[in-house]
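Here is a short briefing on side-chain pairing in a predicted model. Keep the structure open as you read.

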Amino acid sequence: MAVTSATGSQAAGQDIGALGKAQLASSYDTFMKLLTTQIQNQDPLAPLDSNQFTQQLVQMTGVQQQLYSNDLLKQLVGNTGTGMSQAVSVLGREVTADSATTGLAGGRATWSYNLGRDAASMKVEVVDANGRTMAVASPSGVSAGDHTFTWSGTDLTGLKRPDGGVYTLRITPMDASGATINSRVFQRGVVTGVEQVNGQPVLSLGGAKVPWTAVTSVRQPA
């Protein structure tokens with residue numbers, strides 16, 4: 001019930017704000033038309049008192065500014081509620097995020113991954129945004145812990161892919177018996193930008209967009 005009531009109150013507040021701006025715009029247009037008509041038809045020997053309509057104009061402008069200030073305040077509150085203010089605080093800091101996607105920049109794409117235990121063999125695949133395989137590797141004897149994998153940007157046909165593309169890393173590590181090992185692919189880098197996508201904050205990290213909710217750690221860069 002509390003959630004429904006809060007949502008209803010917010011919608012009502014938005015309706016009132018929109019109605020207030022619409023009424024103000026209508027009143028302002030009417031006021032300017034009346035003022036123009038009065039000035040055009042005033043008696044040259046007894047001109048209108050400019051102080052009165054100047055005060056009215058100032059009052060209407062003040063109301064207009066207050067309505068727009070309320071809009072900005074609602075936007076600020078909304079950004080705070082979605083974690084936007086927290087996301088902005090990590091600009092320039094090094095973060096770790098659970099994301100297997102990164103961008104190709106400077107002719108390279110780099111991922112980090114973690115293995116729960118030693119792997120006797122492992123299949124590594126780089127796929128593009130359409131799910132097409134760009135590169136394949138088969139490292140062996142990879143120990144447990146954190147590792148990095150760097151792709152040169154050259155696909156299976158020998159073509160050098162242009163910077164700006166987004167790619168995903170897939171790994172399948174196995175032990176000596178052929179059993180799959182628990183693993184995790186993640187991104188680690190300095191946050192260079194923050195934006196809001198579909199109401200949620202998104203970080204620019206290593207040429208890719210990473211959801212704020214995927215961040216697992218934050219620290220000052222070395």
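The side chains of D128 and R132 make a polar contact at 2.7 Å. D128 sits in strand β4. Its relative accessibility is 8%, so D128 counts as buried, the cut-off being under 20%. Leaving out residues up to four places away in sequence, D128 touches M134, V166 and Y167. One of these, Y167, returns below as half of an aromatic pair.

**Overall picture**

- The chain has 222 residues, and 28% of them count as buried.
- Three helices and 12 strands make up its secondary-structure elements.
- Among contacts with a separation of 6 or more, 70% join residues 24 or more positions apart.
- The accessible surface of the chain is about 13700 Å². Carbon and sulfur atoms hold 54% of that surface.

**Salt bridges**

- Side chains of opposite charge can pair when their charged atoms come close.
- How many salt bridges does the model hold? The count is seven. Three of them follow, beginning with R117 and D175.
- R117 and D175 form a salt bridge with an N to O distance of 3.0 Å. R117 lies in the loop between β3 (109-115) and β4 (119-128), and D175 in the loop between β8 (166-174) and β9 (183-197). The two are 58 residues apart, so this pair links distant parts of the chain.
- Is D175 buried or exposed? D175 is buried, because its relative accessible area is 15% and the cut-off is under 20%.
- R117 reaches 39% relative accessibility, which means that R117 counts as partly exposed.
- R161 and D155 also meet through their side chains in a salt bridge, 3.3 Å from N to O.
- R161 is partly exposed at 21% relative accessibility. D155 is buried at 10%.
- E195 and K209 form another salt bridge, with the closest N and O atoms 2.8 Å apart. E195 lies in strand β9 and K209 in strand β11 (residues 208-211), so the bridge ties together parts 14 residues apart in sequence.
- E195 has a relative accessible area of 31%, so E195 is partly exposed.

**Aromatic pairs**

- A pair of aromatic rings is described by the distance of the centres and the angle of the planes.
- The structure holds two aromatic pairs.
- The ring centres of W111 and F149 are 6.3 Å apart, with the planes at 35°. Why is this pair called tilted? An angle of 35° is neither under 30 degrees, as stacked requires, nor over 60, as edge-to-face requires, so the pair is tilted.
- W111 belongs to strand β3 and F149 to strand β7 (residues 145-151). They are 38 residues apart, and the pair links distant parts of the chain.
- W111 is buried at 0% relative accessibility. F149 is buried as well, at 18%.
- W151 and Y167 form an edge-to-face pair, 4.9 Å centre to centre with 70° between the planes.
- W151 lies in strand β7 and Y167 in strand β8, so the pair ties together parts 16 residues apart in sequence.
- Both W151 and Y167 are buried.

**Shared elements**

- Strand β7 holds F149, and W151 lies in β7 too.
- Y167 pairs with W151, and Y167 is also touched by D128.

Key:
Residues numbered from 1 in each chain as written. Predicted model: local features only at pLDDT ≥ 70, side-chain atom pairs only at ≥ 80, totals over all residues. Heavy atoms only, no water. Salt bridge = Lys/Arg side-chain N within 4 Å of Asp/Glu carboxyl O. Helix = DSSP H or I, 4+ residues; strand = E, 2+ residues; numbered from the N terminus. Buried < 20%, exposed > 50% of the residue type's maximum accessible area, 1.4 Å probe, protein only. Phe/Tyr/Trp six-rings, centres within 6.5 Å; stacked < 30°, edge-to-face > 60°. Contact = heavy atoms within 4.5 Å. Areas by Shrake-Rupley, 256 points an atom, 1.4 Å probe, with all protein chains shown as cover. Polar contact = N/O pair within 3.5 Å; in protein donor to acceptor, adjacent residues only side chain to side chain.
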